[in-house]
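Biologist: I'd like to learn how to read the contacts in a model like this one. Could you take me through it, feature by feature?

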Protein chains: 2
Amino acid sequence: MKALVVDDDRVLADLVSFTLRREGFQVSQAQDGESALRRWMEDQPDIIILDVNLPKTSPPLDGFTICRKIREQSDVPIILLTVREDEDDIVYGLKVGADDYILKPFSPRQLVARVQAVLRRTARGPISSTLQAGKLTLDADRREARCGEQEPVSLTALECRLLEYMMLHAGHILTIQELIDHIWGPGGGSRDMLRQLVRRLRSKIEPDPSSPVFIETIPGRGYGLKRDPGGTP
Amino acid sequence: MKALVVDDDRVLADLVSFTLRREGFQVSQAQDGESALRRWMEDQPDIIILDVNLPKTSPPLDGFTICRKIREQSDVPIILLTVREDEDDIVYGLKVGADDYILKPFSPRQLVARVQAVLRRTARGPISSTLQAGKLTLDADRREARCGEQEPVSLTALECRLLEYMMLHAGHILTIQELIDHIWGPGGGSRDMLRQLVRRLRSKIEPDPSSPVFIETIPGRGYGLKRDPGGTP
DNA sequence: TGAAGTTGTGATAAAGTTGTGACAAAGGGG
DNA sequence: CCCCTTTGTCACAACTTTATCACAACTTCA
């Protein structure tokens, strides 16, 4: 597997390269837009890690432009590196053909997780890895949930597992025992733990956690995600 | 009912098979992708339990691929088995048509619960199951009863069990003992408790609880739901 | 007519659930 | 090694559900 890392920050580029090499990738680097395009054509990488903030060279070639140019000729997976503040960067980046993004700063662990997720996804074709239920969107890979057009909130492993399972069964009630079994496996889990988990999930995704819109309680029975809460956008 | 269990782990496959057989299923097994597809075509199972991690055979046939191939030609319910560690993949499995999934390890109870839930769900479509009797509608899952076009009222566990039982036997008289046994189980319950229960249920669903329209009393014998109260809407 | 039994009703006690907050343990990353 | 996130544990108040009791009205039957 060959990877191309494009970043003008030498330290970051080296860190990314090192991480990917440790995962068995053959890595090449580029510091600016022009050499990035050259490396891409010469090396034919299987995946590209691309920082969107590149130095202004004489012909202005920022990350988005490179991404677009590459995408015009190839379907090679591209992961964008962006800074946390610019939420717009992300939507724009995805629009011009990027497959995924990583917010700086990030951990090596995150990097390999994203890279492998993207490779998995692209290998399987154009199937999105997100679940939908009304206004709720869950990206299980990233463990992020979004409510309508709001900011995505990141979920913990258990929260994600719970929400994913409820979304799969949206409109149906899952009993307390079923949820405990599914989330903690046989022998683990308890009513208390489930109660807390639901509570934490609600506090993250519900507009007003004290009067839930998405997760409904059926006393004595269990919980369920409302079918199509807020209507399909 | 016929079930097909696909898993290369013989021990697990046998455990699953045993559990399902005890539930009255006729079970066939397959250890790899190719034989899975063959068994599927030959046996025409009503449900498939499919491990996603199958051994790499010469034509790579993992669980997802099998699932997709089957789904291209059939709507037979499919439940995926996957290990807790790589549950990231599971969304993909659901996207290619699986109906549900179970994380390994799991308990037999969980397996049975999921299998039956999936069969129930696919049998009746995406809407939760409701009972009808004249103008009365009962959503046992949600424990909600509706009378005509009125607002649904939520029922307690016992109220729901009582109404469900009466609706299943609409038009028939159920003796007091029969009702007590069914609601509280053998040994539990009493005449008084049943009287109170009927009273509370009436106060919730009857337009005028002092002159009941739905639940009739047959003095000395028991209670019954009128066959078609208010006419079929 | 009167006694026995049953039903509907109301009040109230007992038991169980849920949501909540605070805090301890565990585990990973810098 | 310390800090932070995640997860598990506990106790509590508010509330709902269920059980229990008492009593009047009514029916049945001798």
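**Reading the interfaces**

Modeller: Let's start with the chains: chain B and chain A bury about 2,700 Å² between them, with carbon and sulfur atoms giving 46% of that area. Buried area is the accessible area (1.4 Å probe) that two parts lose on being put together, summed over both. One caution: this is a predicted model, where local features need pLDDT of at least 70 and side-chain atom pairs count only at pLDDT 80 or more, while totals for chains, interfaces and linings use all residues. Residues are numbered from 1 along each chain as its sequence is written, chains are lettered from A and ligands numbered from 1 in the order in which they are written, and side-chain values use heavy atoms, with hydrogens and water left out.

Biologist: Why quote an area at all?

Modeller: The size of an interface is often given as the accessible area lost when the parts come together. You can also count residues in contact, meaning heavy atoms within 4.5 Å. Here 31 residues of chain B touch 32 residues of chain A.

Biologist: How many salt bridges does the rule find across the interface of chain B and chain A?

Modeller: The rule asks for a side-chain nitrogen of Lys or Arg within 4 Å of a carboxyl oxygen of Asp or Glu. It finds seven between chain B and chain A. One salt bridge pairs B:Arg114 with A:Glu178, whose closest N and O atoms are 2.5 Å apart. On chain B, the elements giving two or more residues to the side that touches chain A are helix H4 (90–95), strand E5 (100–104) and helix H5 (108–124). These are DSSP runs numbered from the N terminus: helices are H or I with at least four residues, strands E with at least two. H5(B) gives the most, with six residues. By class, that side of chain B has 14 nonpolar, three polar and 14 charged residues. Ala, Val, Leu, Ile, Met, Phe, Trp, Tyr, Cys and Pro count as nonpolar, Asp, Glu, Lys and Arg as charged, and the others, Gly among them, as polar.

Biologist: And within one chain, which domains does the assignment give for chain A?

Modeller: Domain bounds come from an automatic or database domain assignment. For chain A, that gives domain 1 (2–123) and domain 2 (130–225). Their C-alpha centres lie 33 Å apart. Eight residues of domain 1 of chain A contact five of domain 2 of chain A, and the two domains bury about 500 Å², 25% of it on carbon and sulfur atoms. Three salt bridges cross between these domains. A:Arg120 and A:Asp141 also meet in a salt bridge, at 3.6 Å from N to O.

Biologist: What about the DNA? Which residues are closest to DNA strand D?

Modeller: A residue is near a strand if one of its heavy atoms lies within 4 Å of it. For DNA strand D, 15 residues qualify, and the closest are A:Thr156, A:Gln196, A:Arg200, B:Thr156 and B:Met193. Of the strand D atoms within 4 Å of the protein, 65% belong to sugar or phosphate and the rest to bases. A side-chain N or O atom of A:Thr156 is 2.4 Å from a phosphate oxygen of strand D, whereas a side-chain N or O atom of B:Gln196 is 3.4 Å from a base nitrogen. Among the elements, H8(A) gives the most to the surface near strand D, with four residues. That surface has eight nonpolar, four polar and three charged residues.

Terms used:
Polar contact = N/O pair within 3.5 Å; in protein donor to acceptor, adjacent residues only side chain to side chain.
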